[in-house]
Amino acid sequence: MKRLVVLAMLLLGAGTLSAQQSFLDNQKMFPKVGEAYREKEELLKKEFEKKGLTYPAKYIFVRSFKLDSEMEVWVKNSVTDTFRLFKSYRVCTLSGKMGPKRKEGDRQVPEGFYYINDFNPNSNYHLSLGINYPNFSDRILSDPKKPGGEIYIHGDCITVGCIPLTNEFINEVYILAVNAKNAGQDFIPVHVFPVKFGNNRSMEYLGNFSLTDNSSKQFWTELKTAYDYFERHHRLPVVMVDDRGKYIM
């Protein structure tokens, strides 16, 4: 049975106006979030305006590239719009190696198709956004008893399997995510790739790298298919998972 992992339609969820206001207002009550808004919101507005974008974005999409140490935030304001790149952020550091996370304690950053499932304004790492690892594919292919968990995009520039940014950068990304959720985007997609597939040097490195279980080529081909689709259309692909844990489009 095929299970849905990433559906563009998940972006369509919307709550009532009062619920939207409640989430934003509640987040701003936390000291670090309130400070982030005071320090960054006007700067974000100016950056959006400079790039011809409407602030705040109602929909965002996050892509992270492990080897390239880069995380992109794409935005749009209507379901029918295509995504436009707002900004690329430098990822501070990387733990583990190329390849997916498969068990607790392997120090690996997951690779695959996820969404933000937690906002932590009281994080030990400044601010943090949780992603839903393990997803359906991970549950099939990872250690059945201890696949690991608690994977976040966070600040403080340190990591053991997460995606770390500087506090300055996580402030911006957190604000963008809060605004999108406040506007009704309940599922903010996060795609994590081993490399930026359009980067020739990164692809050359990946071509010389193999996982211990010799499954790297097939797995990364699955990821690249979704990457290529988005590059062509600037729309999210519909990604499914089959009974073997394989990503299919």
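# Notebook: strand S9 and its surroundings

I began with strand S9, where Ile 188, Val 190 and Val 192 point one way, Pro 189, His 191 and Phe 193 point the other way, and all are buried. The model I am reading is a predicted one.

**Entry 1, S9.** I looked up how far the burial of this strand goes. S9 covers residues 188-193, and 6 of its 6 residues are buried, so the strand is largely enclosed by the rest of the structure.

**Entry 2, partners of S9.** Which strands pair with S9, and in what sense? I found strand S2 (residues 59-65) paired with S9 in the parallel sense over 4 bridges. Strand S5 (residues 112-120) pairs with S9 in the antiparallel sense, over 5 bridges. For single positions I noted that Val 62 has Val 190 of S9 as its bridge partner, and that Gly 112 has Val 192 of S9.

**Entry 3, the sheet.** I then traced the strand order outward from S9. The sheet is open, has 8 strands with mixed pairing, and runs S4-S3-S2-S9-S5-S6-S7-S8. Strand S4 (84-90) and strand S8 (163-164) stand at the edges with a single partner strand each, so one side of each has no neighbour in the sheet.

**Entry 4, a helix over the sheet.** What lies across S9 and other strands? I found helix H4 (residues 167-182) lying across S2, strand S3 (70-76), S4, S5, strand S6 (128-131), strand S7 (151-154) and S9. Its direction is at about 145° to S4.

**Entry 5, Met 71.** I picked Met 71, which lies in strand S3. Its relative accessibility is 0%, so Met 71 counts as buried. Leaving aside neighbours within four places in sequence, I listed its contacts: Val 62, Arg 63, Ser 64, Lys 87, Ser 88, Tyr 89, Val 91, Ile 153, Ile 163, Leu 165 and Val 173. Val 62, one of these contacts, is the residue I had noted as bridged to Val 190 of S9. For Ile 153 I also looked up the C-alpha separation from Met 71, which is 9.9 Å for residues 82 apart along the chain.

**Entry 6, His 154.** I went on to His 154, in strand S7. Is His 154 buried or exposed? His 154 is buried, with a relative accessible area of 3%. Its side chain reaches the backbone oxygen of Ile 158 at 3.4 Å. Not counting residues up to four places away in sequence, His 154 touches Tyr 125, Leu 127, Ser 128, Cys 162, Ile 163, Pro 164, Leu 165 and Ile 170. Cys 162, one of the residues touched by His 154, counts as buried at 11% relative accessibility.

**Entry 7, the disulfide.** I checked the cysteines for links. How many disulfides does the count come to? The count comes to 1 disulfide. The disulfide joins Cys 92 to Cys 157, with an S to S distance of 2.1 Å. The pair links distant parts of the chain, 65 residues apart: Cys 92 is in the loop between S4 and S5, and Cys 157 is in the loop between S7 and S8. The link of Cys 92 and Cys 157 is left-handed, with -110° about the S-S bond. Cys 92 is partly exposed at a relative accessible area of 26%, and Cys 157 is partly exposed at 34%.

**Entry 8, Gln 27.** I looked up one residue in helix H1 (residues 17-28), namely Gln 27. At 6% relative accessibility, Gln 27 counts as buried. I wrote down its contacts, leaving aside neighbours within four places in sequence: Val 33, Phe 119, Pro 121, Tyr 174 and Val 178.

**Entry 9, the whole chain.** I closed with the totals. The secondary structure comes to 6 helices and 11 strands. The chain has 249 residues, of which 51% count as buried. Its accessible surface comes to about 12,100 Å², and 50% of that belongs to carbon and sulfur atoms. Among contacts between residues at least 6 apart in sequence, 64% join residues at least 24 apart.

Definitions and conventions:
Residues are numbered from 1 along each chain as its sequence is written. This is a predicted model: local features need pLDDT of at least 70, side-chain atom pairs count only at pLDDT 80 or more; totals for chains, interfaces and linings use all residues. Side-chain values use heavy atoms; hydrogens and water are left out. Buried means under 20% relative accessible area, exposed over 50%, partly exposed in between (1.4 Å probe, protein chains only). Contact means heavy atoms within 4.5 Å. Accessible areas come from the Shrake-Rupley method with a 1.4 Å probe; for residues, only the protein chains shown count as cover. Two strands pair if DSSP finds at least two bridges between them. Axes are lines fitted to C-alpha atoms, for helices over the stretch in contact, and angles run from 0 to 180 degrees between N-to-C directions. A disulfide is a pair of cysteine sulfur atoms within 2.5 Å. A polar contact is a pair of N or O atoms within 3.5 Å; within protein, one must be able to donate a hydrogen and the other to accept it, and residues adjacent in sequence count only if both atoms are side-chain atoms.
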